Structure formats: C-alpha cells, structure tokens
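Let's take a look inside this protein and then at the charged pairs around it. Keep the structure open while you read.

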Amino acid sequence: MPPPDRIRDHAGQGATTVAAHRTRRRLRADQARQLADLLRHQILTGAHGDGTLPHESTLATDYRASRNTVRQALDLLRAEGLVERQPGVGTVVVAQKYPHGLESLMGLAETLREHGTVTNEVRTMGPAPAPHPVAERLHVPPGTDVLYIERLRRLGGLPLSLDLTYIPLDLGTALLGADLENTDVFRLLETITGQRLGHAEITLEAVSADAHSAAVLEAPRGAAVLMLERLTHLADGRPVDLEFIRFRGDRITMSGLLHRSL
C-alpha cells in the first residue's frame with residue numbers, strides 16, 4: 001500500500017487537474033459567449049451579404065479562437081434560431097431581426113416601413129373599466145371606462161408583437177370605426193385630437209411568455225419576450241395611450257443613440 005504522503009500527493013494532483021479542467025471549460029464558455037456576441041452583431045448588420053458565415057477555420061483564425069470555441073459560439077447562435085448548419089454549405093443565417101429604434105416616437109409601421117408592411121389583427125376591442133394602475137397613469141378616475149385594444153402585429157406574415165393598449169374613452173370612441181388593421185394608433189390619435197404626439201415614457205425588460213402570449217405569437221411557452229411599456233402624451237402633456245407590447249425577442253432588436261450628460 002502506498003505511503004499516506006504519496007496518497008495525499010496523488011489526491012492533490014487529481015484535484016488540481018479537475019480544477020484546471022473546469023477553469024479551461026469556463027474560459028472556453030466565456031470566449032464562446034464573447035465570440036457569439038461579435039458574430040451576432042455581424043449577422044444583424046448584414047455583414048454576411050450572401051447569408052453564409054465564413055468556415056469555422058476562418059473564424060478561428062480571424063478571431064484567434066480555437067475550433068472548439070468557434071463551434072460552441074455557433075451552437076449558441078443556433079439555439080437562438082439565428083443560424084443553421086447545412087451539409088455541403090456551412091453555417092447559414094436563417095432568421096432576421098428587425099431594428100426598432102428608441103430615439104423617435106413612432107408607431108411600429110412607421111419604424112419598420114423599410115422592411116415591409118406591418119399588418120394588424122385586432123383580437124379584442126371595446127370599453128372596459130380601467131384598472132387602478134391604468135387609471136392613475138391615464139389621469140382618469142379608477143373604474144372609469146377606457147378603450148382596451150389587443151392587437152397581433154405581423155411583418156411579412158410572421159407574428160412580431162402582441163400589443164395591449166388603453167386609451168381614454170373620450171378619444172377611444174372615435175377609434176371604434178377606424179381602420180386599425182392598416183393604420184398605427186399614433187396616426188389616428190393625432191388625427192382625432194388635431195395635435196401632434198409629444199413624448200413617451202418607456203420601460204423595456206425581458207419577461208417570460210405566458211401561455212396566451214406564446215400561443216398568439218407562435219413562440220415556445222416560457223420563451224423570453226421583450227416587453228415594452230410605453231405611456232405616450234400629446235404635445236400639451238396629456239397622457240393618451242398606455243401600451244404593453246410583447247415583442248418576439250428573436251425577431252426584433254432595440255437600438256438607440258445615447259449622449260453622456262452629467
């Protein structure tokens with residue numbers, strides 16, 4: 001039987017080897033995530049015009065990464081639904097994310113006009129008592145009826161967002177006969193009020209898709225969706241449009257230009 005000191009030395013070497021292996025795996029995972037971020041940017045900005053990514057060996061050379069790291073990065077993008085591996089072709093882009101700017105107050109059709117036609121399926125529309133948080137933000141008494149609208153919005157026939165909208169009823173009544181299937185609510189509100197929209201307060205966060213949202217958006221239940229909460233005001237400051245918009249995160253990307261101010 002080996003002396004106790006040799007047993008302890010061997011055990012220590014084994015622990016060191018396991019720790020080193022775990023460290024290498026963690027570092028490779030970190031590098032793969034970093035590479036995936038860089039490749040995702042390339043994909044979303046159209047850097048690969050023909051839709052085919054460079055060969056793994058080329059990516060490894062260009063980014064000074066191992067082939068295993070490159071494969072792991074591509075696996076991350078494949079899990080997001082951005083790319084697929086096609087035999088005899090290579091890794092190809094199979095999904096497109098549409099840019100949604102956060103610098104201008106525009107409706108979805110206005111924002112994405114360069115990418116196709118946005119169509120709206122009005123799923124629910126009618127007066128409903130305002131929940132307290134809605135009434136508070138729209139400056140109407142709690143329980144007062146507001147116009148509630150639920151729309152599924154598509155681009156190129158594919159579900160893009162599920163919009164839940166609350167509008168004060170004195171303005172909302174005029175929307176009941178409007179063409180909401182082909183017109184942004186923003187444009188209709190400006191027509192009804194004779195005013196331009198002024199500003200909006202927004203909150204953006206990732207949430208899990210509930211069963212209803214997932215079914216309507218044709219997304220996996222529990223998938224992450226981008227939730228944009230927006231309270232829009234007229235030029236005179238009156239709040240007129242409270243929206244909760246759930247975007248499919250695999251089809252939209254948010255961007256903006258920020259200036260540092262201290």
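What follows is a short tour of the cavities, one surface patch and some salt bridges.

Keep in mind that this is a predicted model.

**Cavities**

Let's start with the holes. The count comes to two cavities of 30 Å³ or more. The largest cavity holds about 110 Å³ of space, and the second largest has a volume of about 40 Å³.

What lines the largest cavity? Its lining has 16 residues, and G107, L108, R153, R230 and E243 lie nearest the centre. Strands β5 (145–155), β8 (224–234) and β9 (239–248), along with helix α7 (185–193), each supply at least two residues of that lining. The largest share comes from β9, with four residues. As for chemistry, the lining of the largest cavity divides into seven nonpolar, two polar and seven charged residues.

The second largest cavity is lined by Y98, L155, L158, P159, L160 and R251. Here strand β6 (residues 158–168) gives the largest share of the lining, three residues. Five residues of this lining are nonpolar, none is polar and one is charged.

**A nonpolar patch on the surface**

Now to the outside. L102, I202 and L204 make a nonpolar surface patch of about 220 Å². You'll find L102 in the loop between β3 (98–101) and α4 (108–111). L102 has a relative accessible area of 35%, so it counts as partly exposed. That value also fits the patch rule, because patch residues need over 30% relative accessible area.

**Salt bridges**

The model has 21 salt bridges. Here are three to click on:

| Pair | Closest N to O distance |
|---|---|
| R137 and E229 | 2.1 Å |
| D163 and R153 | 3.4 Å |
| R246 and D210 | 4.0 Å |

Take R137 and E229, whose side chains meet in a salt bridge at 2.1 Å, N to O. R137 sits in helix α5 (residues 132–138) and E229 in strand β8, so the pair ties together parts that are 92 residues apart in sequence. R137 has 25% relative accessibility, so it counts as partly exposed.

Next comes the salt bridge between D163 and R153, with the closest N and O atoms 3.4 Å apart. This pair links distant parts of the chain, with D163 in strand β6 and R153 in strand β5, ten residues apart. Is D163 buried or exposed? D163 is buried, because its relative accessible area is 1%, under the 20% cut-off. R153 is buried as well, at 3%.

Then there's R246 with D210, a salt bridge at 4.0 Å, N to O. R246 is in strand β9 and D210 in the loop between β7 (197–208) and α8 (211–217), so to speak a link between distant parts of the chain, 36 residues apart. R246 counts as buried at 17% relative accessibility, whereas D210 is partly exposed, with a relative accessible area of 32%.

**Where the two themes meet**

Which residues are linked in a network of salt bridges? They are R151, R153, D163, D184, R230 and E243. Among them, R153, R230 and E243 also turn up in the group that lies nearest the centre of the largest cavity. R153 is the one whose bridge to D163 is in the table above.

Key: Residues numbered from 1 in each chain as written. Predicted model: local features only at pLDDT ≥ 70, side-chain atom pairs only at ≥ 80, totals over all residues. Heavy atoms only, no water. 1 Å grid on protein atoms, 1.4 Å probe; cavity = no way out; pocket = protein on both sides within 12 Å on 5 of 7 lines; lining within 4 Å. Points joined across faces, edges and corners; volume = space filled by probe spheres on them. Nonpolar A, V, L, I, M, F, W, Y, C, P; charged D, E, K, R; others polar. Patch = residues over 30% accessible without salt bridge, like charges linked within 9 Å, V, L, I, M, F, W, Y side chains within 5 Å. Areas by Shrake-Rupley, 256 points an atom, 1.4 Å probe, with all protein chains shown as cover. Buried < 20%, exposed > 50% of the residue type's maximum accessible area, 1.4 Å probe, protein only.
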